[in-house]
Amino acid sequence: MNQCLQTLQDYGLRAIGMGERLLPRSGFSLCEQMTLIGSGLIWNIYFGALAVFFGFFLANALAMAKASRNPLLRKPAEWFVFLFRGSPLFIQFFLAYEMLVQLPRAGIEVLGITVQTHWMTRAWAGALLVLVLNTAAYSAEIFHGALRNLPKGELEAADAYGMAGWTRYRRVVWPTAMRLAWPAYTNEAIFLFHATTLVFFSGFPAFQQRGDALYYANYFADKTFNPFVAYPIVAAYFVLLTLGLIALFGVANRRLNRHLPGAAKKIRYRPNLIR
């Protein structure tokens with residue numbers, strides 16, 4: 001027990017540069033594998049959380065542009081969504097890395113100021129950018145579908161109250177669209193967190209062996225020649241992460257539907273012990 005606590009202290013935050021610098025070389029214990037893989041999971045959560053956050057706002061803007069009657073707004077949004085939904089995420093990672101590597105190492109001059117670009121080839125920036133753009137495209141299609149299927153009664157009620165423009169969108173259109181789109185958007189968020197494991201296979205390198213969960217799982221599998229310990233640990237961590245996402249998005253879903261009858265009721269498990 002004391003040895004496992006020491007392992008947690010040494011390797012619990014190694015993926016973000018805190019703790020032991022060198023990885024264990026032999027005699028890998030279950031505690032070491034769970035600790036280091038859990039440490040790498042911090043990066044998966046980082047990629048997923050920030051991609052969902054920034055992608056949410058970009059997706060809403062794209063959905064509004066797709067729903068616009070102005071072709072100058074609608075067409076670029078349609079092509080953006082088509083491009084990122086029509087190509088595999090794995091290919092997007094490689095293309096983005098190859099394009100970012102081509103940027104000048106000395107930086108780019110903008111209005112007489114040199115802007116450094118070398119940091120864009122790091123996974124924390126470049127891979128995150130790809131994930132943001134990808135999830136924004138998929139989420140935009142979900143939100144756009146919700147905007148096209150708004151109940152006519154609610155829109156007519158908004159018109160009857162004299163709402164128009166931004167007020168109508170903010171108080172009626174957007175909340176209703178979110179309520180309709182939220183179950184599908186929850187699935188997209190879960191898929192996005194699962195897709196963060198592709199960062200390991202992309203061209204973006206892990207800096208000073210500070211990789212994600214799959215990076216450390218692959219390290220242990222290569223050293224022990226036994227993939228049936230490290231990879232199931234990764235799977236277990238992502239199952240727990242998925243359950244947390246379902247709970248978190250469920251709270252938001254109840255908030256969005258709080259005005260509906262029965263929305264405040266909690267689901268309780270009541271086993272049928274006697275028939």
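**Exercise 1. Which side chain meets Lys75 in a salt bridge?**

Set the ground rules. The model is predicted: local features need pLDDT of at least 70, side-chain atom pairs count only at pLDDT 80 or more, and totals for chains, interfaces and linings use all residues. Residues are numbered from 1 along each chain as its sequence is written, and side-chain values use heavy atoms, with hydrogens and water left out.

Step 1. Fix the criterion. A salt bridge needs a side-chain nitrogen of Lys or Arg within 4 Å of a carboxyl oxygen of Asp or Glu.

Step 2. Apply the criterion. The partner of Lys75 is Glu78, at 3.7 Å from N to O.

Step 3. Place the pair. Both residues belong to helix 3, three residues apart, about one turn of the helix. Helices are DSSP runs (H or I, at least four residues), numbered from the N terminus. An α-helix has 3.6 residues a turn, so residues three or four places apart point the same way.

Step 4. Check exposure. Buried means under 20% relative accessible area, exposed over 50%, and partly exposed in between, with a 1.4 Å probe and protein chains only. Lys75 is partly exposed at 42%. Glu78 is partly exposed as well, at 28%.

**Exercise 2. Extend the pair to a network, then find a link between distant parts of the chain.**

Step 1. Look at Glu78 again. Glu78 also bridges to Arg74, with the closest N and O atoms 3.7 Å apart. These two lie in helix 3, four residues apart. Arg74 is partly exposed, at 21%.

Step 2. Turn to helices 6 and 7. Arg179 and Glu154 form a salt bridge at 3.2 Å, N to O. Arg179 sits in helix 7 and Glu154 in helix 6 (residues 152-160), 25 residues apart, so the pair links distant parts of the chain. Arg179 is buried at 15%, whereas Glu154 is partly exposed at 29%.

Step 3. Join shared partners. Arg74, Lys75 and Glu78 form one network of salt bridges. The structure holds five salt bridges.

**Exercise 3. Determine how helix 4 is placed: which residues are buried, and what do they pack against?**

Step 1. Take the dimensions. Helix 4 covers residues 89-101, 13 residues in total. Its first and last C-alpha atoms are 18 Å apart, close to the 18 Å expected at 1.5 Å a residue. The expected span is 1.5 Å times one less than the number of residues.

Step 2. List the buried set: Leu89, Gln92, Phe93, Ala96, Tyr97 and Leu100.

Step 3. View down the axis. The buried residues fall within an arc of 130 degrees, so they line one face of helix 4. The arc is that of the directions from the helix axis to the C-beta atoms. On the other side, Leu95 and Met99 are exposed.

Step 4. Find the neighbours. The buried residues pack against helix 3 (71-86), helix 5 (123-148) and helix 7 (165-195). Contact means heavy atoms within 4.5 Å.

**Exercise 4. Describe the surroundings of Lys66.**

Step 1. Locate the residue. Lys66 is in helix 2 (residues 30-66). Lys66 is buried, at 13%.

Step 2. Collect contacts, leaving aside neighbours within four places in sequence. Lys66 touches Arg74, Ala77, Glu78, Val81, Glu141 and His144.

**Exercise 5. Characterise the disulfide.**

Step 1. Search with sulfur atoms of a cysteine pair within 2.5 Å. The whole structure gives one disulfide.

Step 2. Name the pair. Cys4 and Cys31 are linked, with sulfur atoms 2.1 Å apart. The link is right-handed, with 85 degrees about the S-S bond.

Step 3. Place the ends. Cys4 lies in helix 1 (residues 2-11) and Cys31 in helix 2, 27 residues apart. Cys4 is partly exposed at 27%, and Cys31 is buried at 16%.
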